[in-house]
Amino acid sequence: MTDLTPNAIERILRNNYLGHLAYLWQGKPHVIPFTYYFDPTDNTIISYTSEGHKIDAMRANKSVAVQVEQVQSISNWESVMLQGTFEEIRGSSAKQKLHLFTEGVKDIIRRKEKQRGRVHQ
């Protein structure tokens, strides 16, 4: 196992939109799949969720971790784990970030579909 360079970490985060979010709830760790967008302008992970268990947990304990993998094959894969702090955004800033999240994820999906189309042709 080798450590990834900062450029490799950013490449993996930019080229994917599915990961795993870890947080604490009532003293116990939880890990769930989630959809995200990496915003390279401020090096943040943007995600969206509705009210519920996950938000309640992150409001109570802001320490989180994110894990993203990029798998080419069983012997060729990379994984990134980040530790950070949950920040809830509201109002017009939230609307801007939600738009960035939505457009960013759609763009990644379109790029991946084009790449698959090239491979299968």
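**Group meeting: a walk through the fold**

Let me start at one residue. P40 has 27% relative accessibility, so it counts as partly exposed. The cut-offs matter here: buried is under 20%, exposed is over 50%, and P40 falls in between. Keep in mind that this is a predicted model.

Where does P40 sit? It lies in the loop between β3 and β4. What does P40 touch, once residues up to four places away in sequence are set aside? Two residues: E10 and R14. Take E10. In sequence, P40 and E10 are 30 residues apart. In space, their C-alpha atoms are 8.0 Å apart. Both E10 and R14 fall within residues 6-14, and that stretch is helix α1.

Stay in that loop for a moment. N43 is also between β3, residues 37-39, and β4, residues 44-46. N43 is not a glycine, yet its phi is positive, about 50°. Buried or exposed, then, for N43? At 55% relative accessibility, N43 counts as exposed.

There is another residue with a positive phi. Q26 is in the loop between β1 and β2. Its phi is near 55°, and again this is a residue other than glycine. Q26 has 66% relative accessibility, so it counts as exposed.

Now step back to the whole chain. How many helices and strands does the protein chain have? Three helices and six strands. Reading from the N terminus, the order is α-β-β-β-β-α-β-β-α. The chain has 121 residues, and 23% of them count as buried. Along the principal axes, the C-alpha atoms fill a box of roughly 50 × 35 × 25 Å.

A word on contacts. Take those in the chain with a separation of 6 or more. Of these, 56% come from residues 24 or more positions apart.

Next, the surface. The accessible surface is about 8,700 Å². Carbon and sulfur atoms account for 53% of that. On charge, there are 16 positive and 13 negative side chains. The centres of the two sets lie 4 Å apart.

On to the sheet. Four strands make an open sheet, in the order β2-β1-β5-β6, and the pairing is antiparallel. Why does β2 have one side without a neighbour in the sheet? β2, residues 28-35, stands at an edge with a single partner strand, so one of its sides is left free of a neighbour. The same reasoning holds for β6, residues 76-85, which also stands at an edge with a single partner. From one strand to the next, the twist averages 20°.

Let me go through the pairs, in sheet order. First, β2 and β1. β1 covers residues 18-25 and pairs with β2 in the antiparallel sense, over eight bridges. One position to look at is H20, whose bridge partner in β2 is P33.

Second, β1 and β5. These run antiparallel and are joined by four bridges. Here Y23 stands opposite V64 in β5.

Third, β5 and β6. Their antiparallel pairing extends over 10 bridges. The two strands form a hairpin, with two residues between them. Within this pair, V68 stands opposite V80 in β6.

V80 deserves a closer look. This residue is in strand β6. At 3% relative accessibility, V80 counts as buried. Which residues contact V80, leaving aside its neighbours within four places in sequence? There are L4, I9, I12, L13, V66, Q67 and V68. Q67 is 13 residues from V80 in sequence, and 5.5 Å away in space, C-alpha to C-alpha.

Now see how the helices lie on the strands. Helix α1, residues 6-14, lies across β5, residues 63-73, and β6. α1 runs at about 90° to β6. That brings us back to V80, whose contacts include I9, I12 and L13. Helix α2 covers residues 53-60 and lies across β1, β2 and β5. α2 runs at about 60° to β1.

To close, look at α1 once more. P40, in the β3-β4 loop, touches E10 and R14. V80, in β6, has I9, I12 and L13 among its contacts.

Key:
Residues numbered from 1 in each chain as written. Predicted model: local features only at pLDDT ≥ 70, side-chain atom pairs only at ≥ 80, totals over all residues. Heavy atoms only, no water. Pairing = 2+ DSSP bridges. Axes fitted to C-alpha atoms, helices over the stretch in contact; angles between N-to-C directions. Contact = heavy atoms within 4.5 Å. Buried < 20%, exposed > 50% of the residue type's maximum accessible area, 1.4 Å probe, protein only. Areas by Shrake-Rupley, 256 points an atom, 1.4 Å probe, with all protein chains shown as cover. Lys, Arg positive; Asp, Glu negative; His and termini not counted. Charge placed at Lys NZ, Arg CZ, Asp CG, Glu CD.
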